[in-house]
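Me: I am new to reading protein models and would like a close look at a single part, the aromatic rings and what lies around them. Could you take me through it slowly, in one connected answer?

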Amino acid sequence: MRKLINSTYITLDGVIENPMWTMPYFDEEAASLAGAQTTEADAMLMGRATYDGFSAAWPNMDENDPTTGAAFFNNVKKYVASTTLTDPTWKNTEVLQGDLVEAVRALKAQEGKNIIQYGFGSVTTELIKAGLVDEVRFWIHPVLEGGANLTVALSDFKASFDLVDTRVHKSGVIVASYAPKTTA
């Protein structure tokens with residue numbers, strides 16, 4: 001069975017939106033880990049907000065420059081969880097139909113590499129609740145962003161995790177990887 005890996009950039013104060021604050025920290029170490037994540041994946045899952053942001057940015061990046069990651073993002077098979085998106089324009093994008101949990105369960109049952117997911121919101125929480133997320137990687141950046149655009153309110157979501165890996169980069173970024181604890 002394929003693994004679903006969530007990878008989320010986050011500030012010390014919990015901001016995940018508009019991660020332009022990551023740029024000063026995206027050094028050789030970060031690029032190596034990000035490249036390993038995409039090498040180990042052959043599909044990407046996202047919610048509508050992530051799709052809107054990614055589909056506006058990635059097609060404009062140079063796929064011939066291996067440092068951008070654009071070749072992966074523009075060509076990988078992409079699945080979007082959305083009830084409003086009907087005609088995605090980004091290459092290799094499919095909107096998941098029907099029940100999200102059942103659709104992702106079917107994707108995980110297919111042959112292939114990992115499924116990578118970026119961002120953390122309602123799609124991720126629903127999939128954690130269903131036991132479908134195998135690992136969450138928080139890329140904790142040593143910045144305080146402030147403002148009203150903090151992580152999406154997850155008022156009814158509670159979960160516990162086991163630490164599976166920690167990487168401390170020279171830049172100060174800490175990548176903390178967790179596996180959701182299963183409830184029996």
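Reply: A residue is called buried when its relative accessible area is under 20%, exposed when that area is over 50%, and partly exposed in between. Please keep in mind throughout that this is a predicted model. By that cut-off F120, with a relative accessibility of 14%, counts as buried.

F120 also has a ring partner. The ring centres of F120 and F138 are 5.7 Å apart and the planes stand at 35°, so the pair is described as tilted, given that planes under 30 degrees apart count as stacked and those over 60 as edge-to-face. Because F120 lies in the loop between β5 (114-118) and α5 (122-129) while F138 belongs to strand β6 (residues 135-141), the pair ties together parts that are 18 residues apart in sequence.

The structure holds 10 aromatic pairs. Another of these joins F54 and F73, whose ring centres are 5.9 Å apart and whose planes meet at 85°, so this pair is edge-to-face. Here too distant parts of the chain are linked, since F54 sits in helix α2 (residues 48-57) and F73 in helix α3 (residues 70-75), 19 residues apart. F73 is buried, because its relative accessibility is 8%, which falls under the 20% limit. Both residues belong to one aromatic cluster, which is formed by F54, W58, F72, F73 and Y118. A ring can also have a charged residue over its face: K78 lies over the face of W90, at 4.5 Å from the ring centre.

From the cluster we can move to the empty space beside it. The largest pocket has a volume of about 1300 Å³, and 44 residues line it, with Y9, P19, F54, W58 and Y118 lying nearest its centre. F54, W58 and Y118 are therefore names we have already met in the aromatic cluster. The elements that give two or more residues to this lining are β1, α1 (28-39), β2 (41-47), α2, α3, β5 and α5, and the largest share, 6 residues, comes from α2. Sorted by class, the lining has 23 nonpolar, 19 polar and 2 charged residues.

Let us now return to the strand that carries F138. In β6, 5 of the 7 residues are buried, so this strand is largely enclosed by the rest of the structure. Its strand partners can be named as well: 7 bridges join β6 to strand β1 (residues 4-11), and these two run parallel, with N6 standing opposite V136. A further 5 bridges join β6 to strand β8 (residues 174-180), this time antiparallel, and there I140 stands opposite I174.

One last place deserves a look, the loop between β1 and α1, where N18 lies. The phi angle of N18 is near 45°, a positive value in a residue other than glycine. N18 counts as exposed, because its relative accessibility is 59%. N92, in the loop between β3 (77-81) and β4 (93-95), likewise has a positive phi, near 65°, but at 36% relative accessibility N92 counts as partly exposed.

Definitions and conventions
Residues numbered from 1 in each chain as written. Predicted model: local features only at pLDDT ≥ 70, side-chain atom pairs only at ≥ 80, totals over all residues. Heavy atoms only, no water. Phe/Tyr/Trp six-rings, centres within 6.5 Å; stacked < 30°, edge-to-face > 60°. Helix = DSSP H or I, 4+ residues; strand = E, 2+ residues; numbered from the N terminus. Buried < 20%, exposed > 50% of the residue type's maximum accessible area, 1.4 Å probe, protein only. Lys NZ or Arg CZ within 6 Å of the ring centre and 35° of its normal. Pairing = 2+ DSSP bridges. 1 Å grid on protein atoms, 1.4 Å probe; cavity = no way out; pocket = protein on both sides within 12 Å on 5 of 7 lines; lining within 4 Å. Points joined across faces, edges and corners; volume = space filled by probe spheres on them. Nonpolar A, V, L, I, M, F, W, Y, C, P; charged D, E, K, R; others polar.
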